[in-house]
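Subject: Structure handover

Hello,

Here is the structure I said I would pass on. Please open it beside this message, and read the notes below with the model in view.

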Amino acid sequence: MILKALLTKSFFLKLTVVCFLCTFSHLIIAKTVHIGIIIDGTSKRQTVPIAQIKREIIKLNQGEFTVKFPANKVINAGWQLDKIRAAISTLNQDNSIDLIITQGLIASHEAAHFNTLNKPVIAPVIADRVLQGLPYNNGISNKHNYTYIASSQSIEQDIRQFFKLTPFKQLLIPIDPVILHALPTLRTITNRIQNELGFNLTFLPVNTRLKSILQEMPSNIDAVYLPPFARFSDSDHKAFADGLISRKIPSFSLLGRKDLELGFMATLNGREMDSLRFSRRIALMVQSILLGTNPAKLKVDLEQPTKLAINMKTAKAIGFSPKWRDLESAELLFQQSIQKSDILSLTDAMNQAVAANLGLLSDKVNIALAEDQVYTARSTLLPQINIGLSGTHIDQSRSGAQQAQRTADAEIQLSQLIYSELSWSGFDVARLLKDAEDASFQTRVLDVLSQSSTAYLRVLSALGTEQVRQANLKVSESNLELAQQRVKIGYSNRSEVLRWKSVIASDRSALYIAQAAREQNQTELKRLLHTPFNESVSVTNEGISSLIAMLQNEKFKGFFDNAVNFNHFIDFEVQRALNNAPELKQLSHLTASARRKLVAGKRAYYIPDISINARFGQNIDQGGIGAQNSNLHKDNWSAGFQATLPLFTSGARPAEISRASNTLIQTRYQQQNIQEVIEARVRSALQKTKGSFPSIRLSQDAAKAAKENFAMVSDSYLSGAVSITSLIDAQNASLSADLSAVEALYSFMIDWVEIQRSVANFDLILSDTGINLWYQELDAFYRKGVGNK
């Protein structure tokens, strides 16, 4: 009985499987479909590669249909209009082909005007639906067996935008003669535009070489509009773009961003995502047709939001500067196209500031003046030699026995100061003041290093803020495009569009403020570097991340990972500061000079000034009465010494002593005060880093979390799970976190610079070996401190 039951169950199971296979066999065995493709001609640059289109069609339809593209049904018409028409007719009558794709502008256009289509035709390459006169009725072609993809790009819209960007008088449109012949309405529409805007338009057929346009175009052309040229390579396009740049002629591309990468100036079309969207749209059309949808009823509109893009490198090369209003909505490409050799590093900026800063150069002259004063004081201690020449003419009544009537005499005098306390003290004081001036100059060098590095970091901070603002604006613009699409499909209302427009206006305002802040900081940096204000300065954050990583390394963290170690670290830096501080060295020299003046004042009571002198005189000429008397014209000389000691100066000497004593007391107080100021400055700078250093990590964590939250809210918004208010709140939170991360990073770096200034040593930044030397000193200090306990 059990065996019989099992046999019965097995029979029914087999029967069930057979029925299932019979019922659903059409789902398991995929139908084979053959697709023919018509290509205008061999293309050296494909906007949407055929291989990508095939891949998306096969991927989307696998399991339901086996899609094949027979090699002998892919027809290349060689850029000949009659062959394109013949290819359409051939495939239209070919019973082995189930569907036709016209992968070319001309073929797509010709298929639209073909009288009777026996099988579905998809025309994906359309330049301008209105200009080409394609069938259109409420978003569909309504033409039997014909559908196409009409993007939002428009030649008329392009030309109007180009004219708005840079009003021209003579516009050139180089064009493939086959396209010009196939699109006779092109001249009619463009004539209407040029009459309305007031410019002249010239079509120039191009057959062989794109670069030949430069020689063949009229000399008065001041703008070029570039339609797609599939038969020419990227290198051909680049050579043409370079030629236009050398002639300072602005250009505008219909194709889009790809042409801007080759050197053309502006476009409204061709964002990176467009190619993938295009190929997937074709695949969806193929699937719908294979599943039974009438091609005439398929939606033809493919919304690809246009956005003005400007190649700023090209604009600068041709001397074109966009208007502020154009910059508000444009995407600026290649704005930072700078050679690496042109980038100024932090250490380069600091070294340049020391070498070229005008304030520092002015202070350097003070050293030379102090050195001159040393030589002046020293000169009074050295021999003094003077020569003299005199002539005398007396009246006759007095001449004869005592003196000739006319005489000319010469003499030389020598004097040497043997000892003078005033002169020696003056020399000593001058040398000490010169040393004080040297120390003062070192203070100014440290100030300039601090100012230049801080200014550099502020430029980086402002640049980082600007980049965050730019990225946020792009997100808002993408959300506006999404909102517009939601309104079109009835998923939302116009209030969302208006809300995003309001957000974008605020974002642009904030971006302007960020750009202005960056320019202001760049101006201050240029002043410190003595760089012409009209020249650009490019900065880099290379090296900053490595410094942060170094400080986060376990090798260093042990020195300040708790309160006790951090206090030791502060003591170490205070000691370095007191040893290095040029302010203390300056006051030390000033104290010594005051002490020397005091000693000189006291010695003046009992040490005389002693000097020796000698003279020799000779008569070199005589005349008139008494000229022959030889007794009157003998050589004469004298020698002597002098010692002087003031007995009464009416209180001058006591006043000098009192003045020197008070100056000495003052400099000692100043020295103690500066010592306290330096120590407080070190401690304050280090205490600031207790907050700013961990803020780097915490703000980065916050930015990461806020970005992840924003992505989640964005997905929920797309599915309708959250409102626009929640999305804007999440976006603002992400923006705020990103801005805080930038602020935290550069705030710490500025605090780090302040530490280096407070300890009067920038070797950690300027020297390759500075970090290692600092670590060795720090390690030795800690070991010494632990050993003493």
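Helix H10 covers residues 234-246, which is 13 residues. From its first C-alpha to its last it reaches 18 Å, close to the 18 Å expected at 1.5 Å a residue. Keep in mind that this is a predicted model.

Which residues of H10 are buried? They are His237, Phe240, Ala241, Gly243 and Leu244. These residues cover an arc of only 160° around the axis, so they sit on the same side of H10. The face turned away from that buried side carries Ser235 and Ser246, which are exposed.

What do the buried residues of H10 pack against? Their partners are two helices, H9 (213-216) and H11 (257-261), and two strands, E10 (223-226) and E11 (251-253).

Just after H10 comes lysine 248, in the loop between H10 and E11. Lysine 248 is not a glycine, yet it has a positive phi of about 60°. In general, most residues other than glycine have a negative phi. With a relative accessibility of 49%, lysine 248 counts as partly exposed, because the exposed class begins over 50%.

Asparagine 142 can be read alongside lysine 248. Asparagine 142 is not a glycine either, and its phi is positive, at about 60°. Its place is the loop between helix H5 (129-132) and strand E6 (146-148). The relative accessibility of asparagine 142 is 41%, so this residue counts as partly exposed.

Strand E11, one of the partners of H10, contains serine 253. Is serine 253 buried or exposed? Its relative accessibility is 0%, so serine 253 counts as buried. Leaving aside neighbours within four places in sequence, serine 253 is in contact with Asp158, Leu226, Asp259, Ala266, Thr267 and Leu268. Of these contacts, Leu226 falls within the range of E10 (223-226), and Asp259 within that of H11 (257-261).

Helix H4 (residues 105-112) is another element to look at. How many of its residues are buried? The count is 8 of 8, so H4 is mostly covered, with buried meaning under 20% relative accessible area. The residues are Leu105, Ile106, Ala107, Ser108, His109, Glu110, Ala111 and Ala112.

Next, a pair of helices. The axes of H17 (residues 421-488) and H24 (residues 724-758) come within 9 Å and cross at roughly 170°. How is H17 oriented relative to H24, roughly parallel or roughly antiparallel? The crossing angle makes H17 roughly antiparallel to H24, since angles over 145 degrees are counted that way. The residues in the contact of H17 with H24 divide into 13 nonpolar, 11 polar and 6 charged.

Two more residues are worth finding in the viewer. Phenylalanine 569 lies in helix H21 (residues 563-580). Its relative accessible area is 5%, so phenylalanine 569 is buried. The C-alpha atoms of phenylalanine 569 and histidine 237 are separated by 62 Å, and the two residues are 332 residues apart along the chain. Histidine 237 is one of the buried residues of H10.

Aspartate 768 is in the loop between helix H25 (763-766) and helix H26 (770-787). Aspartate 768 is exposed, with a relative accessible area of 78%. From aspartate 768 to isoleucine 750 is 20 Å, C-alpha to C-alpha, and the two are 18 residues apart in sequence.

Regards

Definitions and conventions: Residues numbered from 1 in each chain as written. Predicted model: local features only at pLDDT ≥ 70, side-chain atom pairs only at ≥ 80, totals over all residues. Heavy atoms only, no water. Helix = DSSP H or I, 4+ residues; strand = E, 2+ residues; numbered from the N terminus. Expected span 1.5 Å × (residues − 1). Buried < 20%, exposed > 50% of the residue type's maximum accessible area, 1.4 Å probe, protein only. Arc of directions from axis to C-beta. Contact = heavy atoms within 4.5 Å. Axes fitted to C-alpha atoms, helices over the stretch in contact; angles between N-to-C directions. Parallel < 35°, antiparallel > 145°, perpendicular 65-115°, else oblique. Nonpolar A, V, L, I, M, F, W, Y, C, P; charged D, E, K, R; others polar.
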